[in-house]
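I opened this one to look at how the chains meet and how one chain is split up. My notes follow in the order I went through it.

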Protein chains: 2
Amino acid sequence: MPTLSDAAREYARAHNDQFVNELCEMLRIPSLSGDPAHKGDIQRMAEWLEQHLRALGLQNVAIMPTAGHPVVYGEWLGAGADKPTVLVYGHYDVVPALMEDGWNTNPFEPTIKDGRIFARGATDDKGQLFIHVKALESYLKTNGSAPVNVKVFLEGEEEISSPNLVPFIKEHLDLLRAEVCIISDTSMRAIDEPAILHSLRGMTYLEIHVDGPKEDLHSGLWGGAVHNPALALVEILGKLYNADNTIAVPGFYDDVVPLTDEERAMIAKTDLAPEQFKQSTGISEIWGDLEYLIRERISARPTLDINGLWSGWAGPGPKTIIPAKAGAKVSSRLVGNQDPHKIFEQIKTLIESITPSTVQVNVELLTTGNPALFPIDSPAMQAASRAYEKGWGVKPIFTRGGGSIPVVAEIAKMMNIPVVLMGFGLDDDGLHSPNEKYSIEMFQRGIQTAIVYLEELANL
Amino acid sequence: MPTLSDAAREYARAHNDQFVNELCEMLRIPSLSGDPAHKGDIQRMAEWLEQHLRALGLQNVAIMPTAGHPVVYGEWLGAGADKPTVLVYGHYDVVPALMEDGWNTNPFEPTIKDGRIFARGATDDKGQLFIHVKALESYLKTNGSAPVNVKVFLEGEEEISSPNLVPFIKEHLDLLRAEVCIISDTSMRAIDEPAILHSLRGMTYLEIHVDGPKEDLHSGLWGGAVHNPALALVEILGKLYNADNTIAVPGFYDDVVPLTDEERAMIAKTDLAPEQFKQSTGISEIWGDLEYLIRERISARPTLDINGLWSGWAGPGPKTIIPAKAGAKVSSRLVGNQDPHKIFEQIKTLIESITPSTVQVNVELLTTGNPALFPIDSPAMQAASRAYEKGWGVKPIFTRGGGSIPVVAEIAKMMNIPVVLMGFGLDDDGLHSPNEKYSIEMFQRGIQTAIVYLEELANL
């Protein structure tokens, strides 16, 4: 007997081109959340989504203000009070993309090649959030209803660590109330190895400013008696690491929950092949803490990375100056029970204690996010597993994710519901990199899986 | 009895405003030699100078091509073969200047305030080279002749270390032949402490490129198993220095001619006061090799400075990437018998030997310049000392300069003549810095001194 989902799945297959065209419309809007110059684009993106949700027949559709970029909200509650409600979270903002970073095509003019859509935000997260919108559309257009109630909750500040989302959720707990939250903003290793993440890393992101002379100095006239701020910064950053590639910040590892032998054994089964890792990244040799497997290093262990570095003259040719200042962006991916604010204080304290009196240092917190960890045996998790089996065609693995979706831990805590991380991206989609892409096949199979999942949730 | 120079000095005093206005015309042309985008401005500057020299009545005036930016040449040989010939060298090119570096006014729209002209190139070297042009004009306009023959030789590549000047001199040794070369491109500590430099530092300027992943990577997905190129660069740069602020490059100091006790005693008499040094630079504490006096560190000792540093994201807000690459500009000021190419090889060898196999490094030589050292008892040096006494009003000291004018050592060697470095700038003119300036009083006293010097040279 055909189920409601059969018709919806057929509709989705038949309307693939329309769905892709609509996604491309979204991708043309450069909704950069970190750059004030793109505030207008954020607004345009929010308005596009508002109109789109309204046209699908959702109710209560609104652009809802926050202290920063707005939330777009819409709901379909026609399944009735006896059916579960699903909260779909996604983010419509993106990170910067410049042609000179190495893009082959305009990052904000989606280009389809070899079955992939190349554009900033294609996989992170416009393509993935759209999967759930299109799954809902497929039900509504065929059956006039869906198996469960759905609330669509799209934010515009994920890439700047969602500074205003917690207050927003606090203020709208009733509106957002649901039995489960689905987020598709993560990835799998290969198209036939779908993964549900049960853990995400948190983050502490900071900026370090070193100030020396009051202005750039001529290196001939003053060189030899002035502590070069770029050198001072180099000396400071060098002291954040140990020789074995572990992090030298006192107390940094104190709160990390150790991996159990059982979990290590499970991770070992899906560890990354070094050759594949090297090919995906283009590096010549794997780096890191040799006490841990590659997959552990990139998902279950905390990190400290320099995300940006600047000082003095970076243009063509020589310029013989002692720069007035130097700066760095540094961020730490956190796991287990690490607290982002405590980690910030630990890093700041170390930096201040090792900065010599020849320069001034200023350590500024940019953003934070808590790590998250969920049990894999909950009904919602198991229903997701079944949805992949039917919709994707492959049983998924449960794994830990190395990335950070700061709001995941907050949603789970504040709303007291499980968050199911159904990542429909590929590890090598190049999110945050030049030539970010999204496979149209992944997009299609994601919609199929999302359609099945709504039905699975109705039967819990 | 009034001498020829009295009339010339009177003319210079009377025409000060005209001279300043002409200088401002020069300063309006952004003749950046290091940036290909300014090639047209270099040409405009050369044409301006050509027309100016021709209008003063010089002969053989021409824009002479090199493999890079052209030389502007003009001569007045009316003093006759029995009189000495003076070669005046200057450079009409400048280093970059951007408002966002901290300029209070447009660097290419000269602004006069408190008797100072604020503009890029005001002191380095347009203002100073113009002193000799105006000294010659003052003779020609009053006496119809000058006490000696004068050849004016202006290059456009000094700020990129004069890559084409040596071949040019080699090819035009006859044209340039002279008994002495005067260069005004250096500075004194205070207006009543004029200094003639008898030594200049040389330079090795290089760029370091560290390459890691093939593109910027998401720090969450890959962080922990990829050697961050910014970190690798930090580790490399940190190993170029010892803990006592000396340079850790093996062999770096091998060829440095030690300072004699006599010279150290002379330098000690004019050492810089730490408080004055801190005030001029804005630093909180003096840095460097504590075995040496401040003045020794900034003039008689070699240095290694980071002039620029770049990697990843330096814009507003966070961007969670592992950068694909990182780079630095590094330059060394050389003294005594240090050879810039040997020093480059030493630095390159060290960097290559300490770079781990997790990243690729590329060390590229940008420019070099030899250090220079002249005896202070030559007739031309002593004549210069007398010219300051009469023209400037104060007997000058002989001192070592920390800067580099790469061509000085080459002119001395190839033409076998003394080079007299009559610096008419002030140490705090801010050359290569934002708000570079030149005091109009320095400009005037420089012209007076240059006028007297031509007469002193005639009487040798």
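I began with the surfaces. Of the interface residues of chain A, 99% are also interface residues in chain B, so the copies meet through the same surface. I note here that this is a predicted model.

Next I looked up the contact itself: 84 residues of chain A touch 83 residues of chain B, counting C-beta atoms within 7 Å as contact. On the chain A side, strand β12 (residues 305–312) gives the most, with 8 residues. I also sorted that side by class and got 34 nonpolar, 35 polar and 15 charged residues.

Then I followed β12 across the interface. β12(A) pairs with strand β12 (residues 305–312) of chain B in the antiparallel sense, over 5 bridges. One bridge I wrote down: G312(A) has G308(B) in β12(B) as its partner.

I superposed the copies next. A turn of 180° with a shift of 0.0 Å along the axis lays chain A on chain B, with an RMSD of 0.0 Å. That is how a two-fold axis relates two copies.

Last, I went inside chain A. The chain is divided into domain 1 (4–200 + 371–458) and domain 2 (203–256 + 302–368). I find the C-alpha centres of these two domains of chain A 36 Å apart. Their contact takes 7 residues from domain 1 of chain A and 9 residues from domain 2 of chain A. What classes does the domain 1 side of that contact in chain A hold? I get 4 nonpolar, 3 polar and no charged residues there.

Conventions
Residues numbered from 1 in each chain as written. Chains lettered and ligands numbered in written order. Predicted model: local features only at pLDDT ≥ 70, side-chain atom pairs only at ≥ 80, totals over all residues. Least-squares fit on C-alpha atoms with pLDDT ≥ 70 in both. Contact = placed C-beta atoms within 7 Å. Helix = DSSP H or I, 4+ residues; strand = E, 2+ residues; numbered from the N terminus. Nonpolar A, V, L, I, M, F, W, Y, C, P; charged D, E, K, R; others polar. Pairing = 2+ DSSP bridges. Domains from an automatic or database assignment.
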